[in-house]
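Morning, everyone. I have one chain to walk you through today. Let me put it on the screen.

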Amino acid sequence: MEEIGFPWIAASLARLPANIKNLPGALLLGGQPGLGKRTTALFLARAVLCETSRDGWGACGTCASCHLVAAGNHPDLRVVELATEEEQPGEEETASSSKKPSKQISVDRIRSLGEFVTTTAYRGRAKVIVISPAEAMHPAAANAVLKILEEPPGNTYFLLVSHQPDRLLPTIRSRCFQVPFALPAPDAALEWLKGRGIEQPELALAQGGYAPLAAIEKAESPEYWTQRKALLDALARPGFNPVVAAERAEPIEGPVLAGLLQQWAYDIAAIKSGGTVRYHLDFRNALEKLATEAGPEALMAWYDTVIQYGRVSQHPLNKRLAVEGLLAGYPGLH
């Protein structure tokens, strides 16, 4: 029988009914990235669609339905996710065109589910729709989902995956059974990472926000560590120069940059409050020195500015100019 392999999600699965037949028609799997919510949603989808009689939640992995899911062409499963930006009507992709990651799930993609939810399941069991991340739906797409949830079709299950459930419409949240995902205990997460041969697991876990799968993603990205070190070296160096720091920041994607700066400010604030470094463990000495020089009011004002930058970091803007302005406010740490 199929298993997920993420021991920390046991508490989340324990919230579900023991019998698959009693599964609510709409689930909201919520929690920070890197906890296995999407994997869990697909695990539940396979379990619902599995055609073998069994106890427990795991799919058998051997029936025709399980093979169709594994091949990615089960007729009763739809997975709606962020992908490359769709072509505009009437346009054709050319060899010179470059696709960029879409920032939203369009209303057309949700409306295309209309026929799917109203027809009978091809294999006679159930139909499953996975939307991930649900907060990325365009407002019109969210309203289209809400309309379906208000008059739910029979034998159709919605599995919404969300990194930020509070960004969803309250009316959507109220129509879903909540399945929260919490961070595992650090010791348990470290043991799991060590079992997978992750180098510097403590630092990787910290940089992944203490979410094990995010830690693995960070650990397996040499580019991330190279760019991170270049930026943090500039922030830690005496005689801080915002122009130099902005040059180091330029190749880093906006949301990643915002996260690094938020962690940096958090660590300094934590030290000033009598705590310890939580994220940038390898820069502890520099952070402790900076904490003695930072005025608390200036530090918190800059922290707020970094958070504001994080909110617009995915939007079109003059990134270099925005980052230079942001780093020019670095609170007297030079």
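One cut-off before we start: a residue is buried under 20% relative accessible area, exposed over 50%, and partly exposed in between. Take Gln104 with that in mind. Its relative accessibility is 37%, so Gln104 counts as partly exposed. It sits in the loop between β2 (77–81) and α4 (107–111). Setting aside residues up to four places away in sequence, Gln104 touches Leu82, Ala136, His138 and Pro139.

Now, what are we looking at? This is a predicted model. Mean pLDDT for the chain is 89, and 93% of the residues reach 70 or more. There is one stretch to flag. Over residues 85–98, pLDDT stays under 50. For that stretch the model has 7 contacts beyond four places in sequence. Where pLDDT is low, the predicted coordinates should not be read in detail. I will leave that segment there.

Overall layout next. The chain has 16 helices and 5 strands. Its C-alpha atoms fill a box of roughly 70 × 50 × 40 Å along the principal axes. There are 334 residues, and 43% of them count as buried. Consider contacts between residues at least 6 apart in sequence: 69% of them join residues at least 24 apart.

Surface and charge, quickly. Accessible surface comes to about 17200 Å². Carbon and sulfur atoms account for 51% of that surface. The chain carries 33 positive and 36 negative charges. The mean positions of the two sets are 3 Å apart.

On to the interior. Which residues touch the most other members of the largest nonpolar core? They are Leu27, Trp57, Val128, Val130 and Leu159, out of 43 residues in that core. Several elements each supply at least two residues to this core. On the strand side we have β1 (26–30), β3 (127–132) and β4 (156–162). On the helix side we have α2 (37–49), α8 (186–194), α9 (201–207) and α10 (212–219). Helix α2 gives the most, with 8 residues.

Stay with Leu27 for a moment. Leave out its neighbours within four places in sequence. Leu27 is then in contact with Leu16, Leu44, Phe158, Leu159, Leu160, Cys176, Phe177 and Val179. There is also another core, apart from the one just described, with 34 residues. Its members include Ala249, Ile252, Leu261 and Tyr309.

How far is Leu27 from Gln104, C-alpha to C-alpha? The two are 21 Å apart in space, and 77 residues apart in sequence.

Compare Gln104 with another loop residue, Leu113. Leu113 is in the loop between α4 and α5 (114–118). Buried or exposed? Leu113 has 4% relative accessibility, so it counts as buried. Beyond its neighbours within four places, Leu113 contacts Arg78, Val80 and Ile129. Its C-alpha atom is 9.8 Å from that of Ile148, 35 residues away along the chain.

At the other end of the scale, look at Ala18. Ala18 is in the loop between α1 (10–13) and β1. With a relative accessible area of 71%, Ala18 is exposed. Take Glu3 as a reference point, 15 residues from Ala18 along the chain. The C-alpha atoms of Ala18 and Glu3 are separated by 15 Å.

Last topic: backbone geometry. Where is the cis peptide bond? It runs from Ser132 to Pro133, with omega near -10°. Pro133 belongs to the loop between β3 and α6 (139–150).

Two residues other than glycine have positive phi to point out. Asn155 is one, with phi near 60°. It lies in the loop between α6 and β4. Asn155 has a relative accessible area of 42%, so it is partly exposed. Gln200 is another, with phi near 45°. It is found in the loop between α8 and α9. Gln200 has a relative accessible area of 55%, so it is exposed.

To close, keep three places in view. Look at Leu27 in the largest nonpolar core. Look at the cis bond from Ser132 to Pro133. And treat residues 85–98 as the stretch where pLDDT stays under 50. Thanks, over to you.

How values were computed
Residues numbered from 1 in each chain as written. Predicted model: local features only at pLDDT ≥ 70, side-chain atom pairs only at ≥ 80, totals over all residues. Heavy atoms only, no water. Helix = DSSP H or I, 4+ residues; strand = E, 2+ residues; numbered from the N terminus. Buried < 20%, exposed > 50% of the residue type's maximum accessible area, 1.4 Å probe, protein only. Contact = heavy atoms within 4.5 Å. Areas by Shrake-Rupley, 256 points an atom, 1.4 Å probe, with all protein chains shown as cover. Lys, Arg positive; Asp, Glu negative; His and termini not counted. Charge placed at Lys NZ, Arg CZ, Asp CG, Glu CD. Core = buried A, V, L, I, M, F, W, Y, C linked by side-chain atoms within 4.5 Å. pLDDT = per-residue confidence, 0-100.
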